[in-house]
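Reader: I would be grateful for a close look at a single part of this structure. Could you please describe how that part is arranged and what surrounds it?

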Amino acid sequence: YLPIKTASNVAGVLEVIGRPGTGPFHAEDEQLLTTFVDQAALALERARLSEEAAQSAILAQSDELKSALLAAVSHDLRTPLASIKASATSLLDDSVEWDAETREDFLTAIDEETDRLTLMVGNLLDLSRIEGGALRPQKDWYDVDELIEDVRSRTAGRTAGHPVEIAIEPDLPLLRFDYVEIAQVLLNLIENAAKYTPSGTRITIGGRRLPAAIELFVQDEGPGIAKEHQLRLFEKFYRAPSGSAASGTGIGLAISKGLVEAHGGRITLDSAPGEGTMFRFTLPLPVDGKGHESMVTAGLAPGHASEGEAS
Ligand SMILES: Nc1ncnc2c1ncn2[C@@H]1O[C@H](COP(=O)(O)OP(=O)(O)OP(=O)(O)O)[C@@H](O)[C@H]1O
Ligand SMILES: [Mg+2]
């Protein structure tokens, strides 16, 4: 029996049994085995150390994430909250007779700031799901036109000041995706297009069919993004230095990427300084290429497609 001794403890014991008829072990056998055991101990120790290092790197990373999130939460969530609170307090104030227009302004502020908060909270929740590997899209069949129309109307407030054009190729097939998550991607892209571009510039939201996917895009006529920042935009908390003082947390695109990839799609951008920016992402068509029609013939109506199938 030979103990496998590491620097800190005994990791195990090596039991050596001689083959029948070979007699007892000699001193040189023992020497050889001791060397072998020392090597094994060293390898074990090295494995343990590198595992420890990886573990503490993960901890440090999640610590960093937590403090960055806290900073983001306290800073970015307070602004809309303050605005909602102020509007509601004013409306409730009995001592003032607000005229119809002012009341409308307060209500609009509450409505829009609530949307902003919803988007931010959705992003934060998705981020923790993506980080924890717990993102599971709840897919069902939806019409891309309806999705874009819905998102368009929900962002009317934020895109005020920009002409918004819808450019959807006709007769796109129904697609299977998680409605809330894909709407979230579009909301993030549209918010960016409105936030980082001068007012008056056009925003185009559209969709088209590719051989094996549907591509959705949001295009703007803003300042564009220099090549050196383009790759890093999808990293969490990365914000390109931009002329505009627009506030943000830097997680919108990181989350959008996570959500698109959880659907088996890809998100990319085309941009150059002075030439605007186009973000586009794909949602794969069902493998048979026929989309929803084949589900109908299989006896499954839209909205009742079987859940839990591999995605
Ligand atoms: N359409 C755009 N035109 C120019 N720059 C953009 C555009 N979209 C994104 N960016 C740049 O990419 C960065 C990252 O965008 P992202 O949406 O991830 O974060 P954010 O908008 O800063 O914060 P939030 O978490 O609130 O979305 C932005 O800070 C901005 O510099
Ligand atoms: Mg953003």
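**The ligand site and the helices beside it**

Author: In this predicted model, an oxygen atom of ligand 1 lies 2.7 Å from a polar atom in the side chain of tyrosine 196. Two further polar pairs involve the ligand. One places a side-chain N or O atom of aspartate 220 at 2.7 Å from a nitrogen atom of ligand 1. The other is formed with the backbone: a polar backbone atom of glycine 250 is 2.8 Å from an oxygen atom of the ligand. Tyr196, Asp220 and Gly250 also belong to the group that comes nearest to ligand 1, together with Arg239 and Leu253, out of 17 residues around it.

Leu253 leads from the ligand to the helices, for this residue is also part of the contact between helices H5 and H7. Helix H7 spans residues 252-262, and its axis comes within 9 Å of the axis of H5, the two crossing at roughly 150°. Angles over 145 degrees count as roughly antiparallel, and therefore H5 is described as roughly antiparallel to H7. The crossing of this pair is left-handed. On the side of H5, the contact is made by Glu181, Gln184, Val185, Asn188, Leu189 and Asn192, while H7 contributes Gly252, Leu253, Ser256, Leu259 and Val260. Sorted by class, these residues comprise 5 nonpolar, 5 polar and 1 charged.

Helix H5, which covers residues 179-195, also packs against helix H3, residues 100-131. Here the angle is about 120° and the axes are 11 Å apart. H3 and H5 are therefore oblique to each other. Their crossing, too, is left-handed. H3 brings Arg116, Leu119, Gly122, Asn123 and Asp126 to the contact, and H5 brings Gln184, Leu187, Asn188 and Glu191. This contact divides into 2 nonpolar, 4 polar and 3 charged residues.

What, then, do the contacts of H5 with H3 and with H7 have in common? Gln184 and Asn188 of H5 take part in the contact with H3, and Gln184 and Asn188 are likewise listed in the contact with H7.

In summary, the part may be followed from the ligand outwards. Tyr196, Asp220 and Gly250 supply atoms paired with ligand 1. Leu253 is among the residues nearest to the ligand and belongs to the H7 side of the contact with H5. H5 in turn packs with H3.

How values were computed
Residues are numbered from 1 along each chain as its sequence is written. Chains are lettered from A and ligands numbered from 1 in the order in which they are written. This is a predicted model: local features need pLDDT of at least 70, side-chain atom pairs count only at pLDDT 80 or more; totals for chains, interfaces and linings use all residues. Side-chain values use heavy atoms; hydrogens and water are left out. Axes are lines fitted to C-alpha atoms, for helices over the stretch in contact, and angles run from 0 to 180 degrees between N-to-C directions. Helices (H or I, at least four residues) and strands (E, at least two) are DSSP runs, numbered from the N terminus. Angles under 35 degrees count as roughly parallel, over 145 as roughly antiparallel, 65 to 115 as roughly perpendicular and the rest as oblique. A crossing is left-handed if the near helix is turned anticlockwise from the far one by less than a right angle, and right-handed if clockwise. Contact means heavy atoms within 4.5 Å. Ala, Val, Leu, Ile, Met, Phe, Trp, Tyr, Cys and Pro count as nonpolar, Asp, Glu, Lys and Arg as charged, and the others, Gly among them, as polar. A residue is near a molecule or strand if one of its heavy atoms lies within 4 Å of it. A polar contact is a pair of N or O atoms within 3.5 Å; within protein, one must be able to donate a hydrogen and the other to accept it, and residues adjacent in sequence count only if both atoms are side-chain atoms.
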